[in-house]
Amino acid sequence: MLMPRQKTPDLAVPTLDHGAFDLAAERNERGTLVCFYRGLHCPICATYLTELQKRVADFVARGVGIVAVSSDTAERARGMAAKIGADTLRIGYDLPLWVARDWGLYLSTSRGKTSIGLEEPAVFSEPGLFLVTAQQTLYYGSVQTMPFVRPHFSELVGALDFAIKADYPARGEYTGAV
């Protein structure tokens with residue numbers, strides 16, 4: 001399990017139109033929002049990433065960079081980018097599944113074609129959303145076993161405003177005896 005205030009695993013993947021993404025090299029004032037998604041086969045991911053695409057400017061205005069990442073190939077990632085009209089959202093691809101596991105993501109196996117008629121990859125990661133500080137420590141994390149009921153980006157923007165104003169620390173850091 002990742003721990004708040006502790007260094008996150010490294011993350012380096014190619015992106016479609018923004019060069020290579022390397023979390024350790026990011027230089028955003030307040031960090032980076034890393035959105036792991038299941039892949040092109042997931043209609044819920046398309047809806048979710050469409051909402052994220054609409055919010056890119058909100059996060060950037062607050063000093064937060066964004067990347068959406070899956071284990072999809074470049075071709076499938078390009079299909080997702082086209083589907084959601086990604087013009088400012090960085091789309092990363094070729095996420096190694098061992099890296100997904102390092103991030104605490106759940107892995108699923110293919111059940112064949114989805115409701116939209118696309119084949120699931122043999123193995124892929126389930127969703128995760130992480131706000132990583134500029135020092136590459138975990139500030140916020142949400143990991144899911146299913147594609148349903150994900151954190152809302154509008155709420156996250158509001159929470160970010162509060163955290164900035166109140167200088168609110170990352171929580172969940174206690175590891176002592178209970």
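Helix axes here are lines fitted to C-alpha atoms over the stretch in contact, and the angle between two of them runs from 0 to 180 degrees between N-to-C directions. This convention is applied to a predicted model. Two packed helices are described by the angle between their axes and the distance between the axes. In this structure the axes of α1 and α4 come within 9 Å and cross at roughly 25°. Angles under 35 degrees count as roughly parallel, and α1 and α4 are therefore roughly parallel to each other. The crossing in which α1 passes α4 is right-handed.

The sheet comes next. Strands of a sheet pair through backbone hydrogen bonds, either parallel or antiparallel. Here five strands form an open sheet with mixed pairing, in the order β5-β4-β3-β8-β9. The edges are taken by β5 and β9 (138–143), each of which has a single partner strand, so one side of each is left without a neighbour in the sheet.

Strand β4 covers residues 64–69, and six of its six residues are buried, so β4 is largely enclosed by the rest of the structure. Buried means under 20% relative accessible area. The side chains do not share one direction: V64, I66 and A68 point one way from β4, while G65, V67 and V69 point the other way, and all of them are buried. In the sheet, β4 pairs with strand β3 (residues 31–36) in the parallel sense over six bridges. One residue pair in this register is T32 with its bridge partner G65 in β4. Strand β5 (residues 91–92) also pairs with β4 in the parallel sense, over two bridges. There, A68 has I91 of β5 as its bridge partner.

The connection from β3 to β4 involves helix α1 (residues 43–61): β3, α1 and β4 make a right-handed β-α-β unit. The helix of this unit is α1, whose axis comes within 9 Å of that of α4.

Towards the other edge, the pairing sense changes. Strand β8 (residues 128–132) and β9 pair in the antiparallel sense over five bridges. F130 has G141 as its bridge partner in β9.

Two loops flank β9 in the chain. The loop between β8 and β9 contains Q136. Most residues other than glycine have a negative phi. Q136 has a phi near 65°, a positive value in a residue other than glycine. With a relative accessibility of 8%, Q136 counts as buried. The loop between β9 and α4 holds V149, whose phi is near 55° and is again positive in a residue other than glycine. V149, however, is exposed, with a relative accessible area of 81%. T145 is also found in the loop between β9 and α4, and at 47% relative accessibility T145 counts as partly exposed. The C-alpha atom of T145 is separated by 6.0 Å from that of E126, although the two residues are 19 apart along the chain.

The remaining topic is charge pairing. Side chains of opposite charge can pair when their charged atoms come close. The structure holds eleven salt bridges, including one within α1, where R55 pairs with D58 and the closest N and O atoms are 3.0 Å apart. Being three residues apart in helix α1, R55 and D58 are separated by about one helical turn. R55 counts as partly exposed at 21% relative accessibility, and D58 is partly exposed with a relative accessible area of 25%. Elsewhere, salt bridges that share partners join R5, R171 and E173 into one network.

Within that network, the side chains of E173 and R5 meet in a salt bridge at 3.7 Å, N to O. The pair links distant parts of the chain, with E173 in the segment after α4 (153–166) and R5 in the segment before β1 (12–14), 168 residues apart. E173 counts as partly exposed at 30% relative accessibility, and R5 is partly exposed with a relative accessible area of 38%.

A further salt bridge joins the side chains of R30 and E29 at 3.8 Å, N to O. R30 counts as partly exposed at 32% relative accessibility, whereas E29 is exposed, with a relative accessible area of 60%.

Definitions and conventions
Residues numbered from 1 in each chain as written. Predicted model: local features only at pLDDT ≥ 70, side-chain atom pairs only at ≥ 80, totals over all residues. Heavy atoms only, no water. Buried < 20%, exposed > 50% of the residue type's maximum accessible area, 1.4 Å probe, protein only. Helix = DSSP H or I, 4+ residues; strand = E, 2+ residues; numbered from the N terminus. Pairing = 2+ DSSP bridges. Right-handed = clockwise from strand over helix to strand, strands pointing away. Salt bridge = Lys/Arg side-chain N within 4 Å of Asp/Glu carboxyl O. Parallel < 35°, antiparallel > 145°, perpendicular 65-115°, else oblique. Left-handed = near helix turned anticlockwise from the far one by under 90°.
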